[in-house]
Amino acid sequence: EEEKKQKSKEAESKKASTSKPAASTASAGGGMPAGVQARLEELYAKGTISKGAIDAGALKHLEALPEEHGLGVLAKLVEKGASSISNVSGFLVGIMKRVRVEH
């Protein structure tokens, strides 16, 4: 019985260490432009936004933008003040939709 519990704990630990976070800053394909990825990491490191604040869907939209547009979107987020935004993902998606219409 004790051996089963230990194996179960080991399996849980292994599973936790190999699973990816739901809102990774890069997609599985690694398609995030390097400059956008670097800026996101900087914003996370500074505490401007938390890693969970941007959902996978918003990250995918951000990834699809050319680098200069992605950086512009993040600049608007910083300009607005991320701490004053209750839905960071929704805010970003709204900006990205406008960027696509304008360009």
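Contact here means heavy atoms within 4.5 Å, and buried means under 20% relative accessible area, with exposed over 50% and partly exposed in between (1.4 Å probe, protein chains only). Keep both in your head for the tour. What you have open is a predicted model, where local features need pLDDT of at least 70, side-chain atom pairs count only at pLDDT 80 or more, and totals for chains, interfaces and linings use all residues. Residues are numbered from 1 along each chain as its sequence is written, and side-chain values use heavy atoms, leaving out hydrogens and water.

**Stop 1: the whole chain**

Start in cartoon view. You should see 5 helices and 0 strands, so labelled because helices (H or I, at least four residues) and strands (E, at least two) are DSSP runs, numbered from the N terminus. Along the sequence, that reads α-α-α-α-α. Of the 103 residues, 27% count as buried. Take the contacts between residues at least 6 apart in sequence: 60% of them join residues at least 24 apart. Switch on a surface and you're looking at about 6800 Å² of accessible area, 52% of it belonging to carbon and sulfur atoms; the areas come from the Shrake-Rupley method with a 1.4 Å probe, and for residues only the protein chains shown count as cover.

**Stop 2: helix α3**

Select 56-64, which is α3. Which residues of α3 are buried? Ala58, Leu59 and Leu62. Look down the axis of α3 and its buried residues fall within an arc of 100°, so they line one face of the helix; the arc is that of the directions from the helix axis to the C-beta atoms. Now flip to the face turned away from the buried side, and you'll find exposed Lys60 and Ala64. The buried residues of α3 pack against α2, α4 and α5.

Before leaving, show Asp55 as sticks. Asp55 caps the N-terminal end of α3, with a side-chain oxygen 3.2 Å from the backbone nitrogen of Gly57. That fits the polar contact rule: a pair of N or O atoms within 3.5 Å, where within protein one must be able to donate a hydrogen and the other to accept it, and residues adjacent in sequence count only if both atoms are side-chain atoms.

**Stop 3: Ser89**

Next, pick Ser89, which sits in helix α5. Buried or exposed? At 6% relative accessibility, Ser89 counts as buried. Its side chain reaches the backbone oxygen of Ala53 at 3.2 Å. Leaving aside residues up to four places away in sequence, Ser89 touches Ala53, Ile54, Asp55 and Ala58. Asp55 is the capping residue from the previous stop, and Ala58 is one of the buried residues of α3.

**Stop 4: helix α4**

Select 67-80 for α4. Want a quick geometry check? At 1.5 Å a residue, the 14 residues of α4 should span 20 Å, and the end C-alpha atoms are 20 Å apart, which agrees. The expected span is 1.5 Å times one less than the number of residues.

Colour His69, Gly70, Val73, Leu74 and Leu77, which are the buried residues of α4. Seen down the axis, they fall within an arc of 140°, so they line one face of the helix. An α-helix has 3.6 residues a turn, so residues three or four places apart point the same way. Glu68 and Glu79 are exposed on the face turned away from the buried side. As for partners, the buried residues of α4 pack against α2 (34-46), α3 (56-64) and α5 (88-102). Step just past the helix to Gly81, whose phi is positive, near 95°.

**Stop 5: salt bridges on α2**

How many salt bridges does the whole structure hold? A search finds 3, each a side-chain nitrogen of Lys or Arg within 4 Å of a carboxyl oxygen of Asp or Glu.

Show Glu42 and Arg39: their closest N and O atoms are 2.8 Å apart. They are 3 residues apart in α2, about one helical turn. Arg39 is partly exposed at 22%, and Glu42 is partly exposed at 33%. Now add Lys46, which meets Glu42 at 3.1 Å, N to O. Lys46 and Glu42 lie 4 residues apart in α2, about one turn of the helix. Lys46 counts as exposed, at 60% relative accessibility. Shared partners join Arg39, Glu42 and Lys46 into one network.

Last selection: Glu41 and Lys51, bridged at 3.7 Å, N to O. This pair links distant parts of the chain, with Glu41 in α2 and Lys51 in the loop between α2 and α3, 10 residues apart. Glu41 is partly exposed at 30%, and Lys51 is partly exposed at 48%.
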